[in-house]
Amino acid sequence: MLCTRERDWFESHQALTQFFIFFEHKWYNAANSNNHTLTMKNKNNVSTEPKAPINWVPSIMFIISTLAVLVAVPWYGFSHGYSSEAWIAFIVLNFFCGIAITAGYHRLWSHNAYQAHPIVKIWFALWGACAAQNSILVWSSGHRVHHRHVDDVDKDPYSAKRGLWFSHMGWMLRKYPSGEVNFDNVKNLQADPIVAWQHKYYLFIALSMMIGVPVILGLLSGDFWGMILLAGFLRLFVSHHVTFFINSIAHKWGKQPYTDENTARDNAFFALLTHGEGYHNYHHIFQTDYRNGIRWWHWDPTKWLIHAMSWVGLTSNLKTVSNFKIQRAKNHMQFKRANEELAKAHSSENLAAHMHKNVEQWKASLEKEYEDFKDTLQQWSELQTEKMQSTKKDLQGKWDKAVIRTRYKELEYSLKMQHKRLKFMHAQFAFS
Ligand SMILES: [Zn+2]
Ligand SMILES: [Zn+2]
């Protein structure tokens, strides 16, 4: 955060101010025209409540980086050209900043999904500051609120229910009550000396990394302005929007295989852009898992990096959710969707006779599958109790452990098979 003197300096630049108000007002209104609006309106649709005050520091940072990318970056490219070193620095710095946010700010600090060596933490703290998304403490506090009150228009700081623009970056441009920072939910992080150090000296660290690194690289490579524009401005712009996609697009487009209790989606394409954070539907239901893409083929370089670092002791205690729980969530969603379709089919007034027969058949099969599902869950919870009791009494020999593991595998397999059967039944019903 900037000090009062710097803020005053920014506020004295009225021309930029007017430009910004126009720009932000237009985008905000357009994006929210069909969504929830925070301002109360009277009969003539005229706003009767003042808008939240503009948050100048991020607003001006976004204006400067956007103008630089739209004007200076292409102009310099056409008139002077960029060195290959500048392009390489852009890619590498973008990766460093992105991973510091996904592996550090997000999975390590916000969710405690694993533990990291202090060297790794310092690295993430430095490059996370370079990403210019505020300190670890502020970021993690807001993110924990996002998970706790996801989609709540009054409490979630970047609620997707307030429109695509708001959840992307509109939430940072004004001082909305939902964005107020309260460190009560990050007390464990306040006790972390690296987090406390980064928070205390955030402005100095952020400016040193954002300006210092491109300047040094520019002097070393001989392409000073190329480096400033690509490794400085373009990198900042890209790494900002890539992170913002997770709050906007990953809550708007994609599939919901695990839960539809919130707007989070799994989107493989955006996982490519966001270092694996596109599997957001999974992440919202199992937030403590250090993985977001759980299959080996899921593009999640953040997961691969955290895992690779564990081989040399730089990370440890990597948390994962059991396959059974994951499969349980998927089957649960299948039943939910099937029931919704059945209800729709039943409510259809002109249900043809043969269709009616199919619906009844499908309903009977579903009921049987659901009984099996409940039975599997019951067996699983009994097994959990058994395991806990034997661990308490320290009775778990190698043999007991192997038996329990096999029984877990069997239950997991039975859910997987059920998932396939439900898929098949659904396809049959859809084509009947
Ligand atoms: Zn989210
Ligand atoms: Zn999260």
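Is Ala132 buried, exposed or partly exposed? Ala132 turns out to be partly exposed, because 19 other C-beta atoms lie within 10 Å, while a buried residue needs 20 or more. The structure here is a predicted model, and Ala132 is a handy way into it. The residue sits in the loop between α5 and α6, and its phi is near 55°, a positive value in a residue other than glycine.

Stepping back to the whole protein, the secondary structure adds up to 17 helices and two strands. Of the 432 residues, 35% are buried. Among contacts with a separation of 6 or more, 70% link residues 24 or more positions apart.

Helix α5 comes just before that loop. Its 13 residues reach 18 Å from the first C-alpha to the last, close to the 18 Å expected at 1.5 Å a residue. The buried residues of α5 are Val120, Lys121, Phe124, Ala125, Leu126, Trp127, Gly128, Ala129 and Cys130; a lysine, Lys121, is on that list. After α5 comes Ala132 with its positive phi.

On the other side of the loop, helix α6 (residues 136-148) tells a similar story about length. Its 13 residues should span 18 Å at 1.5 Å a residue, and the end C-alpha atoms are indeed 18 Å apart, so the expected and computed spans agree. Buried positions in α6 are Ile136, Leu137, Trp139, Ser140, Ser141, Gly142, His143, Val145 and His146. What do these buried residues pack against? Their partners are α4 (84-110), α5 (118-130), α8 (187-190) and α9 (193-200).

Next comes the nonpolar interior. The largest nonpolar core has 63 residues, and the members that touch the most others are Ala100 and Cys130. At least two residues of this core come from each of α4, α5, α6, α10 (202-221), α11 (224-247), α12 (268-273) and α13 (280-285). The biggest giver is α4, with 13 residues. As for Ala100, once neighbours within four places in sequence are set aside, its contacts are Tyr105, Phe124, Trp127, Gly128 and Ala131. Phe124, Trp127 and Gly128 also appear among the buried residues of α5. A second core lies apart from the big one and has eight residues, including Phe62, Tyr158, Trp171 and Met172.

Cys130 also turns up in the surroundings of Met209, a residue of helix α10. Met209 counts as buried because it has 21 C-beta neighbours inside 10 Å, against a cut-off of 20 or more. Beyond its neighbours within four places in sequence, Met209 is in contact with Leu126, Ala129 and Cys130. Met209 and Ala129 are 80 residues apart along the chain, yet their C-alpha atoms are separated by 7.3 Å.

Trp171, one of the members of the smaller core, belongs to helix α7 (residues 164-173). With 25 other C-beta atoms within 10 Å, Trp171 is buried. Its contacts, not counting neighbours within four places in sequence, are Pro157, Tyr158, Phe166, Tyr176 and Gly179. Tyr158 is listed in the smaller core as well. Between Trp171 and Asn55, which are 116 residues apart along the chain, the C-alpha separation is 9.5 Å.

Back to α4, this time for how it meets another helix. Two packed helices are described by the angle between their axes and the distance between the axes. For α4 and helix α14 (residues 301-311), the angle is about 70° and the axes are 10 Å apart. The two helices are therefore roughly perpendicular to each other, as an angle from 65 to 115 degrees counts as such. On the α4 side, the residues involved are Ile99, Thr102, Ala103 and Arg107, and they meet Thr302, Leu305 and Ile306 of α14. Sorted by class, this contact has four nonpolar, two polar and one charged residues.

One more loop residue deserves a look. Asn317 has a positive phi of about 55° although it is not a glycine. Its loop runs between β2 (315-316) and α15 (323-347). Is Asn317 buried or exposed? Asn317 is exposed, because 11 other C-beta atoms lie within 10 Å and the limit for an exposed residue is 12 or fewer. Ala132, by contrast, is partly exposed, with 19 such atoms.

Notes. Residues are numbered from 1 along each chain as its sequence is written. Chains are lettered from A and ligands numbered from 1 in the order in which they are written. This is a predicted model: local features need pLDDT of at least 70, side-chain atom pairs count only at pLDDT 80 or more; totals for chains, interfaces and linings use all residues. Helices (H or I, at least four residues) and strands (E, at least two) are DSSP runs, numbered from the N terminus. The expected span of a helix is 1.5 Å times one less than its number of residues. Two residues are in contact if their C-beta atoms, placed from the backbone, lie within 7 Å. A nonpolar core is a set of buried Ala, Val, Leu, Ile, Met, Phe, Trp, Tyr and Cys residues joined through C-beta atoms within 7 Å. Axes are lines fitted to C-alpha atoms, for helices over the stretch in contact, and angles run from 0 to 180 degrees between N-to-C directions. Angles under 35 degrees count as roughly parallel, over 145 as roughly antiparallel, 65 to 115 as roughly perpendicular and the rest as oblique. Ala, Val, Leu, Ile, Met, Phe, Trp, Tyr, Cys and Pro count as nonpolar, Asp, Glu, Lys and Arg as charged, and the others, Gly among them, as polar.
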